[in-house]
2 protein chains.
Amino acid sequence: MAGTEPLRVGLAGLGTVGAGVLRLLAGNGAAIAARAGRPLRVTAVSARDRARDRGSDLSGAAWEADPVALALRPDVDVLVEVIGGTGPALAAVEAALGAGKAVVTANKAMLALHGAALAARADARGAALRWEAAVAGGIPVIKALGEGLPGNRITRVMGVLNGTCNYILTTMEKTGADYADVLADAQRLGYAEADPAVDVGGIDAAHKLALLAALAFGTRVDFAGVAIRGIGEITLADIRRAADMGYRVKLLGVARMNADGLEQRMEPCLVPAGSTLGGLEGVTNAVAIEGDAVGQVTMVGPGAGAGPTASAVIGDLVDIARGNVRPAFGLPAAALARPERSSVGSEAAYYLRLTLRDRPGALAQVATVLGEHDVSIDRMRQYGHRGTEAPVVILTHPTEGRTVSAALAGIAALDVSLADPVALRIEEV
Amino acid sequence: MAGTEPLRVGLAGLGTVGAGVLRLLAGNGAAIAARAGRPLRVTAVSARDRARDRGSDLSGAAWEADPVALALRPDVDVLVEVIGGTGPALAAVEAALGAGKAVVTANKAMLALHGAALAARADARGAALRWEAAVAGGIPVIKALGEGLPGNRITRVMGVLNGTCNYILTTMEKTGADYADVLADAQRLGYAEADPAVDVGGIDAAHKLALLAALAFGTRVDFAGVAIRGIGEITLADIRRAADMGYRVKLLGVARMNADGLEQRMEPCLVPAGSTLGGLEGVTNAVAIEGDAVGQVTMVGPGAGAGPTASAVIGDLVDIARGNVRPAFGLPAAALARPERSSVGSEAAYYLRLTLRDRPGALAQVATVLGEHDVSIDRMRQYGHRGTEAPVVILTHPTEGRTVSAALAGIAALDVSLADPVALRIEEV
């Protein structure tokens, strides 16, 4: 158990999350100190605009314009990095770790791109590098996966990791509005990032998936190995037709260790409507972890916001205050395997959305192409025409993704195909 | 970080869970050692029947007939207690802690009754007392609640904590079978305890709730303060009528810190069917934690079984191997408050099941009694008669539990009341 000297925190970034950390320490400070065995004290802060009022008393904390200088201050034991991005944030984190100081960060992009190098730097100096707040906000999933399940060989990790996307998909379903309208609403409400591609394009969620996969499988973070596809091509009709067949559409991250290597996908999938993941509404996040001993454990909660993210930051700080130190990704950085990327990937059933010319024989041509590729049909529904178009949905039996792609290319080349066919994976959760 | 000397484990109990621990260490031992920073080695075991084959090689481990002797062996660093009960198990745990040795236990009954004293004993010798396996099986909820959310003032903890009860309730719903038939099936399948009262009477689940409440609120375990009611009076009709109105019936534990003290209830409740807790099927457990910063986090997974419980035991052992030591209930035992018990309890809406004589004016008499007690009606449905009986269901507006009890006594006294009325709390989750 650590001593009773305060843990001296340097807080880099006073945006939503940084202000949340200050509020939480001010409001619950005594209880936090009791759990930590000693007080947490913010001794210095750094942010772009010193004058802005953040609703917290900063008079006791020194000010540094430069986050690197903040990290190196002698009265800072641990750097909390909630700046974001890979510029000054990365420089400050590198400086802190290089000086043997602990780091707590909410920065998924930085870790997804530089996680392996930062973990090695932390190990070299025996410094803690903690990142609960980087994935799934307030849900303590890094603690659960990184410390709670060490007896297991993890077989699959899944996550609904971007609240904006889930808000858009479930709001489309509830209100019957189109994708573009709901996205615009989300932007007005401040849910979507300034560059929506990071959210709806799946990049933000993929950053988080790559981090979960590294921790789950003991591998170096391989963000470039994530197959990413956003939700932009999901239509209201897809959502309705999936519901017809007992599914909901989620931007789902899946990481699996296959015989030929690591499979990481972030893409819109169909999941059973009655499952915990299928039942998620609004901005809620969820992570499901599967291990050979435990079976499946699913955690559900708020994936973003000042309070939840600050809660995660404080959790890491209390661990550091108590001396609970473990390697950033569960194993020493030198022991993290460089993952092979699975080339084939796992089999799954697929939802195929086709737009066919409404004329005799069109379906027969499609069925012929699928048969030629050994893609077998589980269910098929043709919906009411729109003019000369006949919307058709096919659910396949389980097959390889590359087989589906090849079959889709064949269907797209048919002259009865009026729009590019779309395939969505059906993930059994 | 701890050294590379093996952590020497004394395993007391070789039933389902003990055998599961041995299997997991045999199968995943190398990976577990990598995560722990050193090997875990079972140096000695104790069980009632030495001759029985448990499917694991025990030739490397010494045998002790007496678990206390096992705990005191010089080649045992940590005692894993998976005997159960409060006889030899308690004696062994006391001996180990008294000798300054760490203890990992799955024994919820022992902790519910003796948790405060054992925590004090552990603190006195600086020994770890860990019990992830005692609550919700493989779900790492003690880690999440005890270490992952220290920034929060916890406001409510809820749990579906007995798999047998949830199996019975969801199987009644699915198959239309009666309570007694499904219970008999569960007993044949080995789901229900030998003494079913421990399961269906709510005692097992109440043990776990008392432990969660102590950890959540920083209080001494107060099992005697849990208001317990089992599922024996739930009928198929209750389940169907709750479903009609958008609810499912769950044996739900709820612990809340009210202005006048701690409220702990374990009772059948109605919860919204679309919620994560409402969606639970079969033997699955779930725990929902609410904090002022994080909002609500819910964890779902297997609540029992050899693999999940062994997974939890190994999690605790790895923490001990790594030197991650914290007080058994989050705060030093001496700092745990002795909780006042909330006398009024929180308000809730209620489901009332009435059986009335089918004659004019019967409902008016009921409404009059409810009005006299200031219980206001939200919804009412009368179902088809059975002979001269008219089944009636009423959902009330939020009110105090004691008010509902008083009103129910008034209704029971009416001569139009043909069976004792039953009230089930509707918990908003």
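In this predicted model, helix α1 of chain A, made up of residues 16-36, lies across two strands, β1 and β2 (40-46) of chain A. The helix runs at about 160° to β2(A). The two strands under this helix belong to a wider arrangement, an open sheet of six strands in chain A. Reading across that sheet, the order is β3-β2-β1-β4-β5-β6, and the pairing is parallel. At the edges stand β3 (62-63) and β6 (129-130) of chain A, each of which pairs on one side only. Further in, strand β1 (residues 7-12) of chain A is joined to strand β4 (residues 78-81) of chain A by four bridges, and these two strands run parallel. One pairing to look for here is that of Val9(A), whose bridge partner in β4(A) is Val78(A).

Chain B can be read in the same way. Its sheet is open, has six strands in the order β3-β2-β1-β4-β5-β6, and is paired in parallel. Strands β3 (62-63) and β6 (129-130) of chain B have a single partner strand each, so one side of each is left without a neighbour in the sheet. Towards one of these edges, strand β5 (residues 102-105) of chain B is joined to β6(B) by two bridges, the two strands running parallel. Here Val104(B) has Arg130(B) as its bridge partner in β6(B). Helix α3 (residues 88-98) of chain B packs on the sheet and touches three of its strands, β4 (78-81), β5 and β6 of chain B. The direction of helix α3 makes about 165° with that of β4(B). Another helix of this chain, α1 (residues 16-36), lies across β1 (7-12) and β2 (40-46) of chain B, and its course is at about 160° to β2(B).

How are the two chains related to each other? Two copies of a chain are related by a rotation about an axis and a shift along it. For this pair, a turn of 180° and a shift of 0.0 Å along the axis lay chain A on chain B with an RMSD of 0.0 Å. The two copies are therefore related as by a two-fold rotation axis. Both copies use the same surface, as 100% of the contact residues of chain A recur in chain B. Which residue of chain A comes closest to the rotation axis? That residue is Met299(A), with its C-alpha at 2.2 Å.

The next step is to look at the interface itself. In all, 44 residues of chain A are in contact with 44 residues of chain B. The size of an interface is often given as the accessible area lost when the parts come together. Here chain A and chain B bury about 3500 Å² between them, and 56% of that area is on carbon and sulfur atoms. The interface of chain A and chain B also holds 18 residue pairs in polar contact, counting pairs with both residues at pLDDT 80 or more. On the side of chain A that touches chain B, the elements giving two or more residues are α1, α5 (141-148), β12 (295-302) and α11 (306-322) of chain A. Of these, α11(A) gives the most, with eight residues.

Charged side chains meet at the interface too. The count over all chains comes to 59 salt bridges, and two salt bridges are found across the interface of chain A and chain B. In one salt bridge, the side chain of Lys143(A) meets that of Glu147(B) at 2.6 Å, N to O. In another, Lys143(B) meets Glu147(A), with 2.6 Å from N to O. Lys143(B) lies in helix α5 (residues 141-148) of chain B and Glu147(A) in helix α5 of chain A, so this pair joins two chains.

Methods. Residues are numbered from 1 along each chain as its sequence is written. Chains are lettered from A and ligands numbered from 1 in the order in which they are written. This is a predicted model: local features need pLDDT of at least 70, side-chain atom pairs count only at pLDDT 80 or more; totals for chains, interfaces and linings use all residues. Side-chain values use heavy atoms; hydrogens and water are left out. Two strands pair if DSSP finds at least two bridges between them. Contact means heavy atoms within 4.5 Å. Axes are lines fitted to C-alpha atoms, for helices over the stretch in contact, and angles run from 0 to 180 degrees between N-to-C directions. Copies are superposed by least squares on the C-alpha atoms of residues with pLDDT of at least 70 in both. Buried area is the accessible area (1.4 Å probe) that two parts lose on being put together, summed over both. A salt bridge is a side-chain nitrogen of Lys or Arg within 4 Å of a carboxyl oxygen of Asp or Glu. A polar contact is a pair of N or O atoms within 3.5 Å; within protein, one must be able to donate a hydrogen and the other to accept it, and residues adjacent in sequence count only if both atoms are side-chain atoms.
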